Amino acid sequence: VRDRDTWPRRPPIVTIMGHVDHGKTTLLDAIRDSTVASSEEGGITQRVSAFAVKKKLGKEEHVIAFIDTPGHEAFSEIRYQGSRITDILVLVIAANAGIQPQTIEVIEQALESNITIIIALNKIDLPDSDPAAIKRQLTRYGIVVESHGGDVLCVEISAKKRSNIETLLETILIKAETMELKAKKTGIARGVVLDTFQTKGKGMFATAIVNSGTLKFGDILVFENGMGRVKSITSTDERKLLKDVTPGIPVEIGVLNSDISLSLCAPFFVAQSEKEALDYVEECARKKQFMVQASSATEKHEKLVDNAQIGLLERQIKALNIDLEAIQKDMSKERAANIELESLHEKLNKWKKSKDADAQEQIDKITAKMSTINAEAHSIASLERKERDILNAIKEAREKIEELSADQVVQKTQIHMILKADLIGSIEAWKHLIASLPEHEKYEYNILSSSVGTVTDTDIEMAKLSNAIIAVFNVPVPAAMENLAKAEKIPLIQSSIIFKLFDDFCATVEDRLPRIESFKADARALVKD
């Protein structure tokens, strides 16, 4: 943009991520001096939250916008979407636990999206913490901290003891200064919705961040699938009503239209008139309908696939196996290089402690060799990702061959469900869990409806007509709706902890499946007369 140099600086948007129970929310509590972690259901974060803090750097006061995302595996889509709107990602790693599955997932997302990472090594106050070991482990996944010759900033903290929190904030601001984050405050306001929720008697609210322009009370918000007026703007940290909001500040927006069903991290802009808003929504609807029709045509075409396609898939598998063998050889070399680096690191530490005359010469030789190995090295995480992609491609190709070779298409019985939740993010997490269920040869799962808010008589009627299960996450169900569901013999399960709700859902599904009786012969006899 030609006039970008004239734009004012905006607050950095910082997302806190990491493995479940590594102290993300406790860190945020320390930053904003609250006690959210102790009040969360199940002791884990289950929703996206955002707030702003003020911090002095030199004589100037700066603002930092923070986003907290859940660490449980069910919320991987939330973490992915959160990383898309982030300037700086603070990866929290417990110094006594090390690299965990969600840690690796976050690293991969950050590297693929080219997001700036700052490592926060937490729980350094614990006797079994080993920050040095964690820093060495990180090199295997393409993260080299400054103390190991890399460019990734790392701060050792104790969120529980509130130690080095100020240092972490200063590190974030210093890094943000070098990134020259700017946004114009004039023109059409645009932004992104982090999550939405319903409040009884008040309607729909959206946690959002403006990317450019200034959002004002009364503005017409436009989304891909709907529109609504801004009826309130509230700061997420001080809970103050605002007349407007500029880029980079997280706020809660009251929207005068409760019928909009938004996707996670849905973009929005402000229209100058209702006609402009309606025209845009209708155009999006036409495009969506076209995509559906195109998808339908593609499916019909795929049904005409013959043995020539099977032959092509088999050739693809052969080529993929050749690539896989080459990658696995590279991985073996990298593992050997990592082992050599560990050995050199130990030797380097010994020579640093040595008082021999030639100690410095040995240190220089070892350092040079380590630099050479690092320069030639490939990221193990990158190679593992490529290996995983190839294995998945081979698996998909083989499954496609089986599908094309099948004589008959098996029609599966659908298990319908209706999901009600407190937030869009919770709905996305539920969809992820359903997708993770193993495929059944006779049954498949179908989400008939998913929406923010409590159970209504419309949901009960839909469940009755379709024989669906109603799953309710983290919203109270009116007694009248519970009684109606019970009278209609509709399964209604509810919980404020998502994986408990999922377990209850699986148990309900299990009860619905027909019992398969089996017989075991203990003995055989022949009756002759």
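So, when I say nonpolar core today, I mean a set of buried Ala, Val, Leu, Ile, Met, Phe, Trp, Tyr and Cys residues joined through side-chain atoms within 4.5 Å. Keep in mind that what we're looking at is a predicted model.

Okay, with that in hand, let's start with the largest nonpolar core, which has 26 residues. The ones with the most contacts inside it are Leu-27, Ile-31, Phe-66 and Ile-172. Quite a few elements feed in: among those giving at least two residues each are strand 1 (13–18), helix 1 (24–32), strand 2 (49–57) and strand 3 (60–68). Helix 5 (165–179) is on that list too, and the largest share, 6 residues, comes from helix 5.

Let's zoom in on Phe-66 for a second. Leaving aside neighbours within four places in sequence, the residues Phe-66 touches include Val-14, Ile-16, Leu-28, Phe-51, Leu-169 and Ile-172.

There's also a second, separate core, this one of 22 residues, and Ile-427, Trp-430, Ile-469 and Phe-502 are among them.

Back to strand 6 (153–156), another supplier of the largest core. Which residues of strand 6 are on the covered face, and which on the uncovered one? Leu-153 and Val-155 are covered, while Cys-154 and Glu-156 sit on the uncovered face. Strand 6 runs parallel to strand 5, with 4 bridges joining the two, and Val-155 has Ala-120 standing opposite. To get from strand 5 to strand 6 the chain goes through helix 4 (residues 131–139), making a right-handed β-α-β crossover.

Now over to strand 15 (413–421). Here 7 of the 9 residues are buried, so strand 15 is largely enclosed by the rest of the structure. On pairing, strand 15 goes parallel with strand 16 over 9 bridges, and one partnership there is Gln-414 with Glu-444. Strand 15 also pairs with strand 17, again in the parallel sense, over 5 bridges; there, Met-417 is partnered by Ile-469.

Strand 15 also helps cover our next stop, helix 11. Asp-459, Ile-460 and Ala-463 are the buried residues of this helix, which spans residues 457–466. Why do I say they line one face? Because, looking down the axis of helix 11, they fall within an arc of 100 degrees. Thr-458 and Leu-465 are exposed, on the face turned away from that buried side. As for the cover, it includes strand 15, strand 17 (469–473) and helix 12 (479–487). And just after helix 11 ends, Asn-467 takes a positive phi of about 60 degrees.

Last topic: aromatic pairs. How many turn up in a search of the whole structure? The search finds 4, and I'll show you two.

Phe-269 and Tyr-280 are edge-to-face, at 4.9 Å centre to centre and 90 degrees between the planes. Phe-269 is in strand 14 (residues 267–271) and Tyr-280 in helix 6 (residues 274–302), so this pair ties together parts 11 residues apart in sequence. Phe-269 is buried, at 11% relative accessible area, whereas Tyr-280 is partly exposed, at 32%.

Then there's Tyr-445 with Phe-505, a tilted pair: 6.2 Å centre to centre, 55 degrees between the planes. Tyr-445 belongs to strand 16 (residues 443–452) and Phe-505 to helix 13 (residues 498–512), so here the linked parts are 60 residues apart in sequence. Tyr-445 counts as partly exposed, with 29% relative accessibility, and Phe-505 is buried at 0%.

That's my tour, thanks everyone.

Methods
Residues numbered from 1 in each chain as written. Predicted model: local features only at pLDDT ≥ 70, side-chain atom pairs only at ≥ 80, totals over all residues. Heavy atoms only, no water. Buried < 20%, exposed > 50% of the residue type's maximum accessible area, 1.4 Å probe, protein only. Arc of directions from axis to C-beta. Contact = heavy atoms within 4.5 Å. Pairing = 2+ DSSP bridges. Right-handed = clockwise from strand over helix to strand, strands pointing away. Phe/Tyr/Trp six-rings, centres within 6.5 Å; stacked < 30°, edge-to-face > 60°.
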